[in-house]
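Trainee: I should like to learn how to read the interior of a protein model. Where should one begin?

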Amino acid sequence: MKNSSIVCLASLIPILGFLQVVNAQDDLGNRLSQRQSSCQDISLNSSEFIPWYYQEGIMDSALIVLTYWGEKCGNTEPVMRANIILSLEMHYFEEAMLDDNILRFMDSYNTRMSLIRENKTYLYNYYQSTFDYVPVGGSLDTWSMDMAAALKDEYEPGTLEYLLCLFYSGQTDSVYRIITSPPYSETMPGRHYNAELEEIMKLPSVSISGYAGTWMPTGSLTGMGIHPEIGMTYGIKVSENLYEFALGVKFIKTPDYYLARRSKNSPQELTRDFTGAYIALEYSRDLFKNQRFTPFFSAGAGFDTFTMFPADTDKDEQGISANSYNFSIGGGYRLPVAKRSFLSIQARYNMVDYTLNKLFDTRGHVVSLRVSYGIFQNLYRENRLRDLNYVNPTGR
């Protein structure tokens, strides 16, 4: 009897083991097939529940949903926005509630507003994760815009609360326009924005321009007559400072004959030839920062010359020139023509001495006038300003 019982138990062991394996497989299968709530589902549902609970006056539920949303998906732009709107509504908002990524969140919301204004909300379907799985133009966007517009009247202009209401009401361009100036520049978003803007503005831009003008001698040089001048400049602009290399030529024969020598010991001869060159390093500084119409101060140092006797290849004679230094001071006005281009008008007083090489005996200084057209360009800088949604209040 005892032996038969042992045999029975032994025969049951494989069956029990099989049942355990089956149960384990069923449990694993249930775990694998169990659907987990993702941030995509949580964000979509929360973005609809919060406005609905608020409209129904169930604020506790709205806050519970918001807390759960933030815990599961992090402090995304929609989460922070909903938190700001509810805190403004219930008057417990504090600056510390803003995330350090406030500029990125502002840019994300501004993109939403742009898509809504341009009737391109369908683009959300292709970039759902970019918009934190909250539909563009959906319940949360409509609710936050309406709420912010209504709350704006409850806060004083100049306060952070008013700035946020203005921004989330959809007037994002207005906020980017005023955030660079007090008192909004002293708010937390303003400090972050202007710190980054200052860094970007320090990036240099390449400057290229062409100019046309006149060379007008003074003193004893007046008899040389007025001559047209054309040239170009190439340089770098850093903030209000512009550093340029200038190259110009002046031409047309003098109105009357003048005396000059071919060598230091040769007799003077009459000539009307005049072809000049100007090579210099020039510096200018805007007198006002970020103004649309910009007056500037300028100074330069370089080499100035004009040919008195042209080269004669038949006689194997080289051209003879009067050479001088050129130190100049002046100023002008720069007017923007388009996004990158500008038109400038400037006058310079040039201190020269063409008698240095003893071939020309007449002294005097020169006044030059220029009209320039050029561009300032730095594509990397422009892209960063665009990413910052920079709106210069001067329109420059």
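Mentor: Begin with the term buried, which means under 20% relative accessible area. Please keep in mind that this is a predicted model. By that criterion helix 7 is mostly covered, with eight of its nine residues buried.

Trainee: Which residues of helix 7 are buried?

Mentor: They are Leu-160, Tyr-162, Leu-163, Leu-164, Cys-165, Leu-166, Phe-167 and Tyr-168. The elements that cover them include helix 4, helix 5, helix 6, helix 8 and helix 9. Just after helix 7, Gly-170 has a positive phi of about 110°.

Trainee: How should one read a nonpolar core?

Mentor: In soluble globular proteins, nonpolar side chains tend to be buried together. Here the largest nonpolar core has 51 residues, and Trp-69 and Tyr-168 have the most contacts inside it. Helices 2 to 9 are the elements that each give two or more residues to this core.

Trainee: Which helix gives the largest share of this core?

Mentor: Helix 7 does, with eight residues. Apart from this core lies another, of 16 residues, including Met-224, Phe-306, Met-308 and Tyr-354.

Trainee: What does Tyr-168 touch, leaving aside its neighbours within four places in sequence?

Mentor: Tyr-168 is in contact with Glu-77, Met-80, Arg-81, Ile-84, Ile-85, Tyr-109, Ser-144, Met-145 and Ala-148.

Trainee: How does one describe the packing of two helices?

Mentor: Two packed helices are described by the angle between their axes and the distance between the axes. For helix 4 and helix 7, the angle is about 125° and the axes are 11 Å apart.

Trainee: Why are helix 4 and helix 7 called oblique to each other?

Mentor: Angles of 65 to 115 degrees count as roughly perpendicular and those over 145 as roughly antiparallel. The angle of about 125° falls in neither class, so helix 4 and helix 7 are oblique to each other. The crossing of helix 4 and helix 7 is left-handed. At this contact, Glu-77, Met-80, Arg-81, Ile-84, Ile-85 and Leu-88 of helix 4 meet Glu-161, Leu-164, Cys-165 and Tyr-168 of helix 7.

Trainee: How should one approach the strands?

Mentor: In a regular strand the side chains alternate between the two faces of the sheet. Strand 1 (residues 205-217) pairs with strand 2 (residues 227-238) in the antiparallel sense over 11 bridges, and Thr-214 stands opposite Pro-228 in strand 2. Strand 2 also pairs with strand 3 (residues 241-250), in the antiparallel sense over 10 bridges. Tyr-234 has Phe-245 in strand 3 as its bridge partner.

Trainee: Which residue takes a positive phi in the hairpin of strand 2 and strand 3?

Mentor: Ser-239 does, with a phi near 55°; this hairpin has two residues between the strands.

Definitions and conventions: Residues numbered from 1 in each chain as written. Predicted model: local features only at pLDDT ≥ 70, side-chain atom pairs only at ≥ 80, totals over all residues. Heavy atoms only, no water. Core = buried A, V, L, I, M, F, W, Y, C linked by side-chain atoms within 4.5 Å. Buried < 20%, exposed > 50% of the residue type's maximum accessible area, 1.4 Å probe, protein only. Helix = DSSP H or I, 4+ residues; strand = E, 2+ residues; numbered from the N terminus. Contact = heavy atoms within 4.5 Å. Pairing = 2+ DSSP bridges. Axes fitted to C-alpha atoms, helices over the stretch in contact; angles between N-to-C directions. Parallel < 35°, antiparallel > 145°, perpendicular 65-115°, else oblique. Left-handed = near helix turned anticlockwise from the far one by under 90°.
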